[in-house]
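Trainee: Could you take a close look at one part of this model with me? I would like to start from a single residue and then see how its surroundings fit into the rest of the chain.

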Amino acid sequence: MSYPVYYKEPIRWLRYYAHNRPHLFFAGCIAVMGPAMLVTITPLRRRFLYDDLAPLPLDGYPIPKGPRKKVTGYDD
């Protein structure tokens, strides 16, 4: 089987890579499915599985009110 030219024979080119270099072929298939999954999976997940998580607080850890206890010795 001769090496097919992509622009002239795209189906034959894909079949060639699926048989001779399957790691490249399936990596390309997964890469092509990525953007399509972003558009379809997120709305389906929100509708059937679970909603989005609550946003994380950006203020940091809350500091307690009042005076701080003075630490003495090694028992902190």
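Trainee: Is A54 buried or exposed, and what is its relative accessible area?

Mentor: A54 is exposed, because its relative accessible area is 65%; the cut-offs are under 20% for buried and over 50% for exposed, with partly exposed in between, using a 1.4 Å probe and protein chains only. Before we go on, keep in mind that this is a predicted model, in which local features need pLDDT of at least 70 and side-chain atom pairs pLDDT 80 or more, while totals for chains, interfaces and linings use all residues. Residues are numbered from 1 along each chain as written, and side-chain values use heavy atoms, without hydrogens or water.

Let's place your residue. The protein chain has two helices and zero strands, both taken from DSSP runs numbered from the N terminus (H or I of at least four residues for a helix, E of at least two for a strand). Helix α1 covers residues 10-20, and helix α2 covers residues 22-49. A54 belongs to the segment after α2. K65 is found in that segment too, and K65 is likewise exposed, with a relative accessible area of 81%.

Now step back along the chain to D52. Its side chain meets R45 in a salt bridge, with 3.0 Å from N to O. By the rule used here, a side-chain nitrogen of Lys or Arg must be within 4 Å of a carboxyl oxygen of Asp or Glu. D52 also meets R46 in a salt bridge, again with 3.0 Å from N to O. You can therefore picture a network of salt bridges that links R45, R46 and D52. Why do such pairs form? Side chains of opposite charge can pair when their charged atoms come close. D52 counts as partly exposed because its relative accessible area is 44%, and R46 is also partly exposed, at 44%. From D52, try tracing the chain on to K65: the two are 13 residues apart in sequence, and their C-alpha atoms are separated by 32 Å.

How does this part relate to the other end of the model? Compare A54 with R12: they are 42 residues apart in sequence, and 49 Å lies between their C-alpha atoms. R12 takes part in a salt bridge as well, with E9, where the closest N and O atoms are 3.0 Å apart. E9 is partly exposed, since its relative accessibility is 31%, and R12 is partly exposed at 25%. The whole structure holds three salt bridges.

While you are looking there, find Y16 in helix α1. Y16 makes a nice contrast with A54: Y16 counts as buried because its relative accessibility is 14%, whereas A54 is exposed at 65%. Y16 and P4 are twelve residues apart along the chain, yet the distance between their C-alpha atoms is 7.5 Å.

Between these two places runs helix α2, and M33 is one of its residues. M33 is partly exposed, as its relative accessible area is 44%. There is also an annotation to know about here: an unreviewed UniProt entry marks residues 24-44 as a "transmembrane region". Such annotations may be inferred rather than shown by experiment, and their positions follow the numbering used here. In the model, residues 24-44 are 100% helix and 0% strand, and the end C-alpha atoms of the span lie 29 Å apart.

Finally, zoom out to the whole chain. Its C-alpha atoms fill a box of roughly 80 × 40 × 20 Å along the principal axes. The radius of gyration is 28 Å, against near 11 Å for a compact globule of 76 residues; the value is taken over C-alpha atoms, and the globule rule is 2.2 Å times the number of residues to the power 0.38. Of the 76 residues, 7% count as buried. Y16 is one of the residues that count as buried. So when you return to A54, you can see an exposed residue in the segment after α2, with the network of R45, R46 and D52 before it in the numbering.
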